[in-house]
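Hi,

Here is the structure I promised to pass on. Have a look at it first, then read my notes below.

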Protein chains: 2
Amino acid sequence: MDDSTLLSTISAALPKLKKSEAKVAKVILEDPDTATRSSIAVLAAAAGVSEPSVNRFCKRFGAGGFPDFKLRLAKSLVSGVRYMSRAVEMSDDVETYPGKLFDNTVNALVQARETLPTSAIAEAVDYLAQAKRLLFFGLGTSAAVAKDAEHKFFRFNVPVSTYEDPLMMRMMATSGGVADVFFFISHTGRTKVLVEAAAMARETGAIVISLTSANSALAKQSHCTIELAESENTEEYLPMTSRIVQLVIIDTLTTGVTLKHGEKLLPHLARIKESLQDTRFPSEEE
Amino acid sequence: MDDSTLLSTISAALPKLKKSEAKVAKVILEDPDTATRSSIAVLAAAAGVSEPSVNRFCKRFGAGGFPDFKLRLAKSLVSGVRYMSRAVEMSDDVETYPGKLFDNTVNALVQARETLPTSAIAEAVDYLAQAKRLLFFGLGTSAAVAKDAEHKFFRFNVPVSTYEDPLMMRMMATSGGVADVFFFISHTGRTKVLVEAAAMARETGAIVISLTSANSALAKQSHCTIELAESENTEEYLPMTSRIVQLVIIDTLTTGVTLKHGEKLLPHLARIKESLQDTRFPSEEE
DNA sequence: ATAATGATGTAATTTTGTAACATTCCGGTA
DNA sequence: TACCGGAATGTTACAAAATTACATCATTAT
């Protein structure tokens with residue numbers, strides 16, 4: 001129903017489209033506003049394809065037909081979010097670059113959403129729900145993600161720890177056992193320390209899960225890999241959106257574990273929340 | 001061009017309309033959403049008028065014709081609460097809840113994007129760019145955000161540190177000086193330790209910036225507050241999207257500082273990137 | 001090399017919107 | 001009241017657009 005991200009969806013699906021459909025997509029992405037005002041014939045001509053191809057394109061994206069598609073497209077244009085990745089320029093000012101960063105992040109999420117590794121998530125949730133001990137490893141930016149994961153999983157009744165010190169990582173990796181789950185987070189999946197630690201952990205009989213890019217060295221050492229696209233970040237001053245995706249995956253995993261544990265966990269979570277009350281000033285309204 | 005008030009325009013003009021046009025207006029006002037999906041024939045029948053009457057009605061309101069009118073109508077309907085959060089249900093399975101989480105996150109970002117505190121960001125960037133020392137404070141989930149910020153700001157030639165230990169926070173807060181910037185991250189803005197640390201830091205003459213909810217106790221202690229909406233998170237098992245927004249704000253700030261420093265910083269960033277090469281296995285393609 | 005499958009285009013059909021024209025309705029005047 | 005002028009609405013016919021069904025072409029596997 002709500003398709004505020006139609007354009008991102010299209011640009012995310014671009015590589016998977018058939019030749020003629022891709023042509024249509026390109027024309028639409030180039031000037032979506034004009035597209036909403038064009039007839040199917042005009043659009044088909046602009047894309048260099050036949051009219052039914054345009055129609056098929058529309059249906060592929062959930063529309064009932066061309067007019068319906070135009071309607072959705074028009075609606076999606078109202079929202080301030082821009083679809084394509086817009087690089088931050090040196091000449092940008094405060095009015096422009098924050099919006100770009102938000103847009104890029106949104107696009108990264110929408111893109112990731114399109115290709116969610118569902119079965120890997122399910123598998124990881126199974127492992128995580130049964131773990132007697134949980135260890136999250138990440139370096140650099142991924143260390144922050146690991147820390148976040150630690151906080152989230154702490155809520156279940158499982159011992160959790162995070163390490164970002166390479167030496168500690170190795171030490172902990174050798175201390176693994178069959179009931180332990182080692183969780184590695186790495187954008188590239190090529191960080192030496194992590195790959196080695198994963199191999200060591202695996203030898204102890206522990207379960208190794210990784211959140212990294214497909215077919216990476218790290219993935220090869222894992223029992224279960226949640227694969228994320230290793231998007232390019234060419235510009236030095238364009239921050240990585242990948243860690244945001246990683247964090248939402250962490251959310252997904254904790255949610256999965258919560259759902260698996262079922263209602264019986266809720267009182268426990270409520271107790272944790274309650275215990276935080278004393279650390280806060282009362283809110284204004286109260 | 002932008003007719004986000006089309007419906008009210010119509011209802012305002014109602015008394016001045018001719019009989020048949022009034023009928024059309026009534027039908028449209030009654031169920032605008034259906035109207036956008038109807039053909040001119042259906043709408044004419046529903047209003048009990050002829051098709052050209054509908055067409056004339058459309059032109060009267062500035063549209064080029066019926067299709068154009070529908071487009072404008074559709075756009076005008078988008079405004080307001082268009083982003084529904086879909087709560088995760090206990091009955092959800094792995095095919096459904098991951099998507100919901102991504103959607104919710106995207107919605108949070110889009111919403112935040114619409115109300116970006118631009119001037120506060122600009123101000124914060126000014127402070128951060130001039131800082132001789134940077135300290136990030138956050139507890140719980142916000143500790144992960146602080147850690148992320150630390151990694152990001154480390155790239156500039158400034159000493160950065162993060163603390164999540166309350167005692168260390170207090171100690172560091174008292175050690176502040178005029179050239180220091182203390183950056184506090186808190187969703188609620190009511191965490192006692194943080195508020196107190198902020199007050200202490202402020203007394204030392206240091207700059208206090210906070211990333212928190214508007215009008216909170218923490219905000220009151222800050223020289224500069226980047227205000228974020230304190231969204232409700234009622235369900236225990238629905239992870240918070242707020243920290244994602246916080247992270248993108250961190251991205252925004254680092255970008256802002258980078259832009260402020262200008263091109264001269266790029267070689268330095270390149271050097272950092274290069275220095276990481278040795279820690280990685282070569283990628284497959286190379 | 002060829003059959004089978006899927007992608008794309010062509011042509012015919014149906015639906016939809018619009019313009020030109022016809023009719024009706026209403027207010028004013030003899 | 002009858003009649004006229006002009007505006008408002010409807011009818012009809014046409015043009016444009018969209019969709020379906022079908023044919024052709026390309027691609028892959030055997």
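Before anything else, a bit of vocabulary: two strands count as paired if DSSP finds at least two bridges between them. Keep in mind, too, that this is a predicted model.

With that in hand, go to chain A. Strand β4 (residues 207–213) of chain A runs parallel to β5(A), and 5 bridges join the two. If you want a spot to zoom in on, find Ile209(A): the residue opposite it in β5(A) is Cys224(A). Strand β5 of chain A, which covers residues 224–228, is mostly covered, with 4 of its 5 residues buried.

Now for the DNA. Which residues come nearest to DNA strand C? Out of the 18 residues around that strand, they are Lys18(A), Pro52(A), Ile40(B), Asn55(B) and Lys59(B). On the DNA side, 72% of the atoms of strand C that come within 4 Å of the protein belong to sugar and phosphate.

Some phosphate contacts to look up:

- Lys18(A): an N or O atom of its side chain is 2.6 Å from a phosphate oxygen of DNA strand C.
- Lys19(A): here a polar backbone atom is 3.2 Å from a phosphate oxygen of DNA strand C.
- Phe66(B): a backbone N or O atom lies 3.1 Å from a phosphate oxygen of DNA strand C.

Both chains take part in the surface near DNA strand C: α2 (19–30) and α5 (51–60) of chain A, plus α5 (51–60) and α6 (66–78) of chain B, each supply at least two residues. By type, the residues of that surface split into 6 nonpolar, 6 polar and 6 charged.

Cheers

Technical notes. Residues are numbered from 1 along each chain as its sequence is written. Chains are lettered from A and ligands numbered from 1 in the order in which they are written. This is a predicted model: local features need pLDDT of at least 70, side-chain atom pairs count only at pLDDT 80 or more; totals for chains, interfaces and linings use all residues. Side-chain values use heavy atoms; hydrogens and water are left out. A residue is near a molecule or strand if one of its heavy atoms lies within 4 Å of it. A polar contact is a pair of N or O atoms within 3.5 Å; within protein, one must be able to donate a hydrogen and the other to accept it, and residues adjacent in sequence count only if both atoms are side-chain atoms. Ala, Val, Leu, Ile, Met, Phe, Trp, Tyr, Cys and Pro count as nonpolar, Asp, Glu, Lys and Arg as charged, and the others, Gly among them, as polar. Buried means under 20% relative accessible area, exposed over 50%, partly exposed in between (1.4 Å probe, protein chains only).
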